[in-house]
Amino acid sequence: MRFDLADEQKAIHDSARDMLAKRYPMRRVRELAEAGEYDDDAWKEVARLGWPGLAIPEEHGGQGLGLVELAVLLEEFGYAVAPSPFLSTVSAALLIDR
């Protein structure tokens, strides 16, 4: 049984870790949390990367990847303590798709 990430999953992990670390240093996370806001520019970048549609089938405009890839991405959002509407957006998209 294989418990390591596939190459594509590792690429998602690495790109998410790099982008989120640059966008969300702890000082910025604290500022956003205290203001009750999220970084609109960072959210636009997340959307441009297509991450909200990662697990949505291609015929519906998503990337057609699976829940493991989504879990890798969610883990990185948690690791960065990234205040964003990512989880709610992805959850709504998955529910609508189902």
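What follows is a walk through this structure, from the overall fold to helix α3 and then to a group of aromatic rings. Please keep in mind that the model is a predicted one.

Let us start with the chain as a whole. The protein chain holds five helices and zero strands, so its order from the N terminus reads simply α-α-α-α-α. Along the principal axes, the C-alpha atoms occupy a box of roughly 40 × 30 × 20 Å. How does the radius of gyration compare with what a compact globule would have, and what is its value? For 98 residues, a compact globule would come out near 13 Å, and the protein chain, at 14 Å, agrees with that. Of the 98 residues, 35% count as buried. The accessible surface amounts to about 6300 Å², and carbon and sulfur atoms account for 54% of that surface. If you take the contacts between residues at least 6 apart in sequence, 58% of them join residues at least 24 apart.

One example of residues distant in sequence is Ser 15 and Glu 76: they are separated by 61 residues along the chain, while their C-alpha atoms lie 9.7 Å apart in space. Ser 15 belongs to helix α1 and is partly exposed, with a relative accessible area of 35%.

Now turn to helix α3, which spans residues 40-48. Just at its start, a side-chain oxygen of Asp 39 comes to within 3.0 Å of the backbone nitrogen of Asp 41. Which residues of α3 are buried? They are Ala 42, Trp 43, Glu 45 and Val 46. These four cover an arc of only 160° around the axis, and that is why they are on the same side of α3. The general geometry helps here: an α-helix has 3.6 residues a turn, so residues three or four places apart point the same way. On the other side of α3 you will find Lys 44 and Arg 48, which are exposed. As for the buried residues, their packing partners are α1 (7-23), α4 (67-80) and α5 (86-97).

Glu 45 deserves a second look, as a buried residue of α3 with a polar partner. Its side chain makes a polar contact of 2.8 Å with the side chain of Arg 23. Setting aside neighbours within four places in sequence, Glu 45 is in contact with Met 19 and Arg 23. Beyond the helix, α3 is followed by Gly 50, whose phi is positive, near 80°.

From there we can move on to the aromatic residues. A pair of aromatic rings is described by the distance of the centres and the angle of the planes. The count of aromatic pairs here is two. In one of them, Trp 51 and Phe 77 meet edge-to-face, with 6.1 Å from centre to centre and 80° between the planes. Trp 51 sits in the loop between α3 and α4, whereas Phe 77 is in helix α4, so this pair ties together parts that are 26 residues apart in sequence. Both of these residues, Trp 51 and Phe 77, are buried.

Is the pair of Phe 77 and Phe 86 stacked or edge-to-face? The ring centres are 4.3 Å apart and the planes stand at 5°, so the pair is stacked. Phe 77 and Phe 86 are both buried as well. Taken together, the ring pairs link Trp 51, Phe 77 and Phe 86 into a cluster.

Key
Residues numbered from 1 in each chain as written. Predicted model: local features only at pLDDT ≥ 70, side-chain atom pairs only at ≥ 80, totals over all residues. Heavy atoms only, no water. Buried < 20%, exposed > 50% of the residue type's maximum accessible area, 1.4 Å probe, protein only. Helix = DSSP H or I, 4+ residues; strand = E, 2+ residues; numbered from the N terminus. Arc of directions from axis to C-beta. Contact = heavy atoms within 4.5 Å. Polar contact = N/O pair within 3.5 Å; in protein donor to acceptor, adjacent residues only side chain to side chain. Rg over C-alpha atoms; globule rule 2.2 N^0.38 Å. Areas by Shrake-Rupley, 256 points an atom, 1.4 Å probe, with all protein chains shown as cover. Phe/Tyr/Trp six-rings, centres within 6.5 Å; stacked < 30°, edge-to-face > 60°.
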